[in-house]
Amino acid sequence: MRIDILTILPELLESPFNHSIIKRGRGKGLLEICIHNIRDYAQNKHKQVDDYAFGGGAGMVMMIEPIDLCISKLKAERQYDEIIYLTPDGERFTQRTANYLATLSNIILLCGHYKGIDQRVRDHLVTRELSIGDYVLSGGEIAAMVVADSVGRLVPGVISDETSALTDSFQDNLLAPPVYTRPAEYKGWKVPEILLSGHQQKIDEWKHQQSVERTKKCRPDLLPD
Ligand code: ADE
C-alpha cells in the first residue's frame, strides 16, 4: 500500500513513521509513505500557499493551486482509490474506516491549516473527509499520522502476528481485555489465576467476559441496546 501525505509542515511527519511497526512495514516493502511539501508547488515568488478569505473573516485560507498541482502530479503517476482531507468537520474516523482503507492500494492524505482550505479543493479534488475526533487541532498533520498509523499496521504482513490486529480493541465493537506478563506476582499484586491455568477455552471465555465488562464500564455506547 502507498500513502501520500500532502502538508505544509513536512518536518512534522518525518519521525512518526520511522519507528516500530510502521518502520518495519516500510522496510519489508509492504507500506510506502511519501511526504510532499505543498509549498514546493506554490507558483509565486514568495512560495505563498495561503491567502485572505474572499468576503472577509478571520484567518488565512489555503490556496487551491499548489494543492491541485501536487495532486495532479501524483495522479499522473498512479491511480488513487481515495483522496482524503483531514478536517474536524469530516466524517468520524473509526476502526471500520481504517479496515476499509487498509484494503486500498493508493491513498492521499491532505492536511489542512489556518482557517481551512479553499472549498473548491473539497468540492472537486477530495473524495472523502475524515475527522479523528470532536476537537480542533492546529493542523491536519497529527490527524494524518493517526490515520496512516492505524491503517498502515493493518496492511497484511506489517504486523508479524496476524491475529494480533484482529484482537485489537474495536475490531468486534468490544474493548480489548487486560493483559499481563511476568512476574505472576508483584508487590502482592497477582495475575488472575485463570490465566495461569493452561485451560485455553476457559481463558478465552474469561477474556471475552473481561472485554464485555470493560466495554460496559468505559464505552457503553459501543454495545447493542
Ligand atoms: N484538523 C484539525 N482538527 C482535526 C481533527 N479533529 N480531525 C482531523 N483533522 C483535523
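How far is a nitrogen atom of the ligand from a polar backbone atom of T87? The distance is 3.1 Å, and this briefing starts from that contact. Please keep in mind that the model is predicted. The tour below goes from the ligand and its shell to the strands beside it.

**Backbone contacts to the ligand**
- Besides T87, the residue G133 offers a polar backbone atom 3.1 Å from a nitrogen atom of the ligand.
- L137 joins in with a backbone N or O atom, which lies 3.0 Å from a nitrogen atom of the ligand.
- On its own the ligand exposes 260 Å², and the protein buries 96% of that area.

**The shell around the ligand**
- Strand 5 and strand 7 are the elements that give two or more residues to this shell.
- Strand 5 gives the most, with three residues.
- In total, 13 residues surround the ligand, and the closest are T87, I132, G133, Y135 and L137.
- Sorted by class, the shell holds eight nonpolar and five polar residues, and no charged ones.

**Strand 5 and its partners**
- Strand 5 (residues 82–92) runs parallel to strand 6 (residues 106–111), and five bridges join the two.
- Between these strands the chain passes through helix 3 (residues 95–101), making a right-handed β-α-β crossover.
- Strand 5 also pairs with strand 7 (residues 128–131), again in the parallel sense and over five bridges.
- L86 is a handy residue to look for in the structure: L86 stands opposite C111 in strand 6 and opposite L130 in strand 7.

Note on methods: Residues are numbered from 1 along each chain as its sequence is written. This is a predicted model: local features need pLDDT of at least 70, side-chain atom pairs count only at pLDDT 80 or more; totals for chains, interfaces and linings use all residues. Side-chain values use heavy atoms; hydrogens and water are left out. Two strands pair if DSSP finds at least two bridges between them. Helices (H or I, at least four residues) and strands (E, at least two) are DSSP runs, numbered from the N terminus. A crossover is right-handed if, with the strands pointing away from the viewer, the path from the first strand over the helix to the second runs clockwise. A residue is near a molecule or strand if one of its heavy atoms lies within 4 Å of it. A polar contact is a pair of N or O atoms within 3.5 Å; within protein, one must be able to donate a hydrogen and the other to accept it, and residues adjacent in sequence count only if both atoms are side-chain atoms. Accessible areas come from the Shrake-Rupley method with a 1.4 Å probe; for residues, only the protein chains shown count as cover. Ala, Val, Leu, Ile, Met, Phe, Trp, Tyr, Cys and Pro count as nonpolar, Asp, Glu, Lys and Arg as charged, and the others, Gly among them, as polar.
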